[in-house]
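Me: Could you take me through the annotated active site here, together with whatever sits around it? I'd like the local contacts in one connected account.

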Amino acid sequence: MPRQKFIAGNWKMYTTLEQARELARSVAAGVDAETARRLRVAVCPPFPWLLPVGEVLRNTPVALGAQDCHYEREGAFTGQVSPYMLREAGCQYVIIGHSERRHGLQESDEFLNKKLHGALRAGLHVIFCIGELLSEREAGQTESVLLRQLQNGLAGLTAEQAAALTIAYEPVWAIGTGRVATEEQAQQAHAFIRAQIAERFGSTAADSITIQYGGSVKPENAAGLLRQPDVDGCLVGGASLKADSFLAIVRAAL
Ligand SMILES: O=C(CO)COP(=O)(O)O
């Protein structure tokens with residue numbers, strides 16, 4: 001059975017409350033029953049908008065996700081958000097390891113691995129981001145970087161947990177730059193990631209795991225990327241902030 005495609009929107013630190021509600025309303029209105037039967041759609045608003053956006057999405061096929069979490073259930077962690085709080089706020093998904101946290105906030109593979117386990121303990125589905133810098137690609141290190149991020153980032157997972165995971169391959173040079181990876185570059189990286197999952201967790205996990213592509217995905221390039229055999233969906237930044245462009249990407253996945 002083919003893997004179900006999964007399109008997620010990462011709203012990053014954008015939208016006012018009113019824009020967030022309106023965007024969620026329009027996205028939900030554009031995902032009909034047939035679309036919902038054939039693929040998964042989620043949006044990941046900023047933390048303070050999770051509850052009001054969750055309210056808008058209630059009883060719709062669009063799932064709610066957060067953009068980060070801490071690894072502990074609770075504690076003296078000023079400014080952090082527990083994965084259990086996210087569950088209680090209605091989240092099904094959480095993004096972990098986005099490059100804007102890896103490189104902007106120096107979050108290490110080991111730290112992200114703790115978050116991954118914390119999120120799974122809380123019952124969240126994780127979108128785990130990996131990807132190389134431009135300098136690493138140009139130095140021919142793409143695969144070794146992905147390998148390190150997978151080895152350290154996914155340490156201690158069971159095959160069953162790996163099978164249910166979403167990996168987002170987001171080459172850092174393609175994020176917010178308008179410079180999308182070519183279909184061949186995306187397919188090559190995704191096939192490499194799947195092969196590594198097979199090696200570590202077995203072929204059942206490799207067949208079931210969802211591998212999204214992220215980085216300058218737009219309505220014009222989504223269909224070509226999604227046609228690649230190992231591209232199971234997209235993690236969309238800028239184009240997820242307009243319902244029209246996000247829904248066009250959703251339709252490209254049908
Ligand atoms: O970082 C991204 C999604 O997480 C991609 O962002 P853009 O789609 O804006 O390039």
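Reply: Buried here means under 20% relative accessible area, with exposed over 50% and partly exposed in between (1.4 Å probe, protein chains only). By that rule Asp68 is buried, at 5% relative accessibility, but let's come back to it after the active site. This is a predicted model, where local features need pLDDT of at least 70 and side-chain atom pairs pLDDT 80 or more, while totals for chains, interfaces and linings use all residues. Numbering runs from 1 along each chain as its sequence is written, and side-chain values use heavy atoms, without hydrogens or water.

The unreviewed UniProt entry puts "active site" at His98 and Glu170 (numbering as used here, feature name shortened, possibly inferred rather than shown by experiment). These two are spread over 73 residues of sequence, yet they cluster in space, with a largest C-alpha distance of 8.3 Å.

Where does His98 sit? His98 is in the loop between β4 (93-96) and α5 (99-102); helices (H or I, at least four residues) and strands (E, at least two) are DSSP runs numbered from the N terminus. Glu170 also belongs to a loop, the one that runs between β6 (166-169) and α10 (183-201). His98 is buried at 4% relative accessible area, and Glu170 is buried too, at 5%.

Their side chains meet in a polar contact of 3.1 Å (N or O atoms within 3.5 Å; within protein, one able to donate a hydrogen and the other to accept it, and sequence-adjacent residues count only if both atoms are side-chain atoms). Setting aside residues up to four places away in sequence, His98 also touches Asn10, Lys12, Cys129 and Ile175, with contact meaning heavy atoms within 4.5 Å. On the same terms, the neighbours of Glu170 include Cys129, Ile175, Gly214, Gly215 and Leu235.

Now the ligand. The residues around it (a heavy atom within 4 Å) include His98, Glu170, Asn10, Lys12, Ile175, Gly215 and Leu235. One ligand oxygen-to-side-chain distance, to an N or O atom of Glu170, is 2.9 Å. For polar backbone atoms, a ligand oxygen is 2.9 Å from Gly237 and 2.8 Å from Gly238. The protein covers 96% of the 300 Å² of accessible area that the ligand has on its own (Shrake-Rupley, 1.4 Å probe).

Back to Asp68, in the loop between β3 (62-66) and α4 (83-88). Its side chain makes a polar contact with the side chain of Arg101 at 3.2 Å. Beyond four places in sequence, Asp68 also contacts Phe47, Leu86, Val94, Ile95, Glu107 and Lys115.
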